[in-house]
Amino acid sequence: MNIIENLNWRYATKRMNGEEISNEKSEIILEAIRLAPTSMGLQPFKVLVIKDKEIRERMKQACYNQPQITESAFMLVFAVWKDNYEQKATDYIELIAKTRNQSIESIDGFKKNLLNAIKSNDPISWAARQAYIAFGFGLATAAMLKIDTTPMEGFMPDELDKVLELDKLGLKSVVIMAIGNRDEKNDYLVNLPKVRKSKEDFFIHL
Ligand SMILES: Cc1cc2nc3c(=O)[nH]c(=O)nc-3n(C[C@H](O)[C@H](O)[C@H](O)COP(=O)(O)O)c2cc1C
């Protein structure tokens, strides 16, 4: 597997052909997203996996009618916790204790740091930054599997949240991803070279 070749192969696909993706590959992409690191390990967001055509039809108007919403095999919606961060942090501490067979008291210092981090940050924008890391893992993993993706911020979060009833789940959408296969005939971007700054312009070596 040539990592750089695959990263050059991927592009933000504008048109997809509606073909399905194998379960095996879909699961690998989802697992890479789940395994992404987050600050203090909190994972303060959820990822909705939306294959249902009718739901995707309804999502489309909230996404400026971008065709990938319905031409993809499925959509991912990264949605951050809206509230109850302290309770959820406590649940996370319990998960650590259970997973690592530790007492809650032995990780009390970490719990205090975590609660402080929540208080000293704007929790929603902090959570969004964590969600974007997982989002990047998903994009890169899909490229390694030669699966196409479109990273998408071109949507109206409040409208999308209404369609998906995210309020009921205590969530707020921050970024979405189309996953599928490129439509080589109809996507004007297929054969265009990638535009990136040169290494000299981009990196600062000290
Ligand atoms: C966070 C984010 C949001 C984006 N939103 C959209 C979008 O709504 N629709 C779209 O077609 N492309 C979207 N793009 C694609 C970018 O325009 C594209 O990634 C960029 O031009 C670099 O090109 P490449 O990904 O094809 O290499 C988005 C990319 C990122 C990273």
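A salt bridge is counted where a side-chain nitrogen of Lys or Arg lies within 4 Å of a carboxyl oxygen of Asp or Glu, and in this predicted model the side chains of Asp167 and Lys82 meet in such a pair, with an N to O distance of 2.6 Å. Asp167 sits in the loop between helix H8 (157-164) and strand E4 (171-180), while Lys82 sits in the loop between strand E2 (74-81) and H5, so this salt bridge ties together parts of the chain that are 85 residues apart in sequence. The chain that holds this contact has 206 residues, of which 42% are buried, and it contains nine helices and four strands.

**Overall architecture**

- Read from the N terminus, the elements of the chain follow the order α-α-β-α-α-β-α-α-α-β-α-β-α.
- The C-alpha trace of the chain spans about 60 × 50 × 30 Å along its principal axes.

**Salt bridges**

- Side chains of opposite charge can pair when their charged atoms come close.
- Across the whole structure, a search finds nine salt bridges, and the pair formed by Asp167 and Lys82 is described further here, along with two others that involve Arg15 and Lys51.
- In the pair that opens this briefing, Asp167 counts as exposed because its relative accessibility of 57% is over the 50% cut-off, whereas Lys82, with a relative accessible area of 34%, is partly exposed.
- Arg15 forms a salt bridge with Glu71, and the closest N and O atoms of the two are 2.6 Å apart.
- Because Arg15 lies in the loop between H1 and H2 and Glu71 lies in helix H4 (residues 68-71), this pair ties together parts that are 56 residues apart in sequence.
- The two partners fall into separate accessibility classes, since Arg15 is partly exposed with a relative accessible area of 30%, while Glu71 has a relative accessible area of 15% and is therefore under the 20% limit for a buried residue.
- The side chains of Lys51 and Glu20 also meet in a salt bridge, with an N to O distance of 3.3 Å.
- This pair links distant parts of the chain, with Lys51 in the loop between E1 and helix H3 (53-60) and Glu20 in the loop between H1 and H2, 31 residues apart.
- Lys51 is partly exposed, with a relative accessible area of 44%, and Glu20 is exposed, with a relative accessible area of 58%.

**Pockets**

- The largest pocket has a volume of about 570 Å³, and of the 23 residues that line this pocket, Arg34, Gly41, Gln43, Tyr92 and Leu95 are the closest to its centre.
- Helix H2 (23-34), strand E1 (45-50) and helix H5 (85-100) each supply at least two residues of the lining of the largest pocket, and the largest share of that lining, seven residues, comes from H5.
- By class, the lining of the largest pocket is made up of 14 nonpolar, four polar and five charged residues.
- The second largest pocket holds about 230 Å³ of space, and its lining consists of 14 residues, of which Arg10, Tyr11, Leu192, Pro193 and Lys194 lie nearest its centre.
- In the lining of the second largest pocket, nine residues are nonpolar, one is polar and four are charged.

**Surface patch**

- Ile3, Ile4 and Leu7 make a nonpolar surface patch of about 270 Å².
- Leu7 belongs to helix H1 (residues 3-9) and is partly exposed, with a relative accessible area of 32%; this value is over the 30% that a residue needs in order to be part of a patch.

**Further positions and separations**

- Asn113 is placed in helix H6 (residues 108-120) and counts as partly exposed, at 45% relative accessibility.
- The C-alpha atoms of Asn113 and Lys146 are separated by 40 Å, and these two residues are 33 residues apart along the chain.
- Arg58 has its place in helix H3 and, at 38% relative accessibility, counts as partly exposed.
- Between the C-alpha atoms of Arg58 and Tyr11, which are 47 residues apart along the chain, the separation is 26 Å, and Tyr11 is also one of the residues nearest the centre of the second largest pocket.

Definitions and conventions: Residues are numbered from 1 along each chain as its sequence is written. This is a predicted model: local features need pLDDT of at least 70, side-chain atom pairs count only at pLDDT 80 or more; totals for chains, interfaces and linings use all residues. Side-chain values use heavy atoms; hydrogens and water are left out. Patches are made of residues with over 30% relative accessible area and no salt bridge: like charges are joined within 9 Å, nonpolar side chains (Val, Leu, Ile, Met, Phe, Trp, Tyr) within 5 Å. Accessible areas come from the Shrake-Rupley method with a 1.4 Å probe; for residues, only the protein chains shown count as cover. Buried means under 20% relative accessible area, exposed over 50%, partly exposed in between (1.4 Å probe, protein chains only). On a 1 Å grid over the protein atoms alone, a cavity is a set of points where a 1.4 Å probe fits but cannot get out, and a pocket is an open set with protein on both sides within 12 Å along at least five of seven lines; lining residues have an atom within 4 Å of a point. Grid points are joined across faces, edges and corners, and a volume is the space filled by probe spheres set on the points. Ala, Val, Leu, Ile, Met, Phe, Trp, Tyr, Cys and Pro count as nonpolar, Asp, Glu, Lys and Arg as charged, and the others, Gly among them, as polar.
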